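Please read the following report alongside the sequence and the coordinates. The sections take up backbone geometry, a helix, a sheet and the surroundings of a ligand in turn.

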Amino acid sequence: MVESQVQFEQFDSAAAVATETARRISAAARRAIAAQGRFRCVLAGGRTPLEAYAQLVDEAEDWARWYLYLGDERCLPPDHPERNSRAITEVFSAHVPIPTEHLHWIPSELGPELAAARYDRLLAAVLPVDLILLGMGEDGHTASLFPGQSTAEGIRAAPVHGAPKPPPERVTLTPMALAAAPVRLILVTGSSKREALAAWRKGADLPVARVAALGPTQVLFDNEAAGT
Ligand SMILES: O=C1O[C@H](COP(=O)(O)O)[C@@H](O)[C@H](O)[C@H]1O
């Protein structure tokens, strides 16, 4: 019998998910730095992971050896409040001494095509990374891979048009890129995610389910998302 590589773990609250996420990122960083002298991590966009990122700020990490990337980005000006990179900068990267040249945000202000092509080239030289963090939307999307949209093959970063969640233009890592890590950590909190989480666990063919099935994946969710 083939054991599922997707491990679902329930926590009491979103705060507990954040604390455990920060702990696992830190542990992955220490392991990677001990083994190869650097830590490469793809961060999730959205609001869910922000508390975990904020908790890392107080840790005594070997920040000079961290390299950060993004799983997806919205095509908006760099300082727009809905940019994933802006939110991460505000709660996390502006407060730790990671060298600026190690912060590899998606240049989505260039538009979906050009930004995706540039990020694809960058990723070709970087993958695999040590850890990939992801979130999940109410409709079961992850990164900017949305239900009903076709998935690009043979590239690592793809342009997105017509996303059902604003803004419609985005750039996303593809399953090819999201497979390129020893582990994925998917964070799901809040009652608005309950239906999608339940559907996923019952076997629905959602983008998040497909991505989780790419390899070893830990899904951290809270009581609110579970409905218990
Ligand atoms: O648009 C996006 O949505 C998902 C979920 O966001 P959240 O705010 O509910 O955590 C996120 O994972 C993705 O990166 C983001 O661009």
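## A buried alanine with positive phi

In this predicted model, Ala 143 is buried, because 33 other C-beta atoms lie within 10 Å, and the cut-off for that class is 20 or more. The residue is found in the loop between β6 and β7, where Ala 143 has a positive phi of about 45° although it is not a glycine. Most residues other than glycine have a negative phi.

## Two cis peptide bonds

Most peptide bonds are trans. The bond from Leu 127 to Pro 128, however, is cis, with omega near 5°, and Pro 128 belongs to the loop between α4 (112-126) and β6 (131-135). The bond from Pro 166 to Pro 167 is also cis, with omega near -5°, and Pro 167 is placed in the loop between β7 (157-160) and β8 (170-173).

## Helix α1

Helix α1 covers residues 14-36, and because each of its 23 residues should add 1.5 Å, a span of 33 Å is expected, which agrees with the 32 Å that separates its end C-alpha atoms. Just after α1, Gly 37 takes a positive phi of about 80°.

Which residues of α1 are buried? They are Ala 14, Val 17, Ala 18, Thr 21, Ala 22, Ile 25, Ala 28, Ala 29 and Ala 32. An α-helix has 3.6 residues a turn, so residues three or four places apart point the same way.

## The seven-stranded sheet

An open sheet of 7 strands, with parallel pairing, follows the order β1-β10-β9-β6-β2-β3-β5. Its edge strands are β1 (6-11) and β5 (103-104), each of which pairs on one side only.

Within this sheet, β6 runs parallel to strand β9 (residues 184-188), and 4 bridges join the two. Leu 133 stands opposite Leu 185 in β9.

## Ligand surroundings and annotated domain

The ligand is surrounded by 13 residues, of which the closest are Gly 45, Gly 46, Arg 47, Thr 48 and Gly 135. By class, this shell has 8 polar, 3 charged and 2 nonpolar residues.

According to an unreviewed UniProt entry, residues 13-212 are covered by the annotation "domain: Glucosamine/galactosamine-6-phosphate isomerase". In the model, the end C-alpha atoms of residues 13-212 lie 22 Å apart, and the span is 36% helix and 16% strand.

Methods
Residues are numbered from 1 along each chain as its sequence is written. This is a predicted model: local features need pLDDT of at least 70, side-chain atom pairs count only at pLDDT 80 or more; totals for chains, interfaces and linings use all residues. A residue is buried if 20 or more other C-beta atoms lie within 10 Å of its own, exposed if 12 or fewer, and partly exposed in between; C-beta atoms are placed from the backbone. UniProt positions are given in the numbering used here, feature names are shortened, and annotations may be inferred rather than shown by experiment. A residue is near a molecule or strand if its C-beta atom, placed from the backbone, lies within 6 Å of it. Ala, Val, Leu, Ile, Met, Phe, Trp, Tyr, Cys and Pro count as nonpolar, Asp, Glu, Lys and Arg as charged, and the others, Gly among them, as polar. The expected span of a helix is 1.5 Å times one less than its number of residues. Two strands pair if DSSP finds at least two bridges between them.
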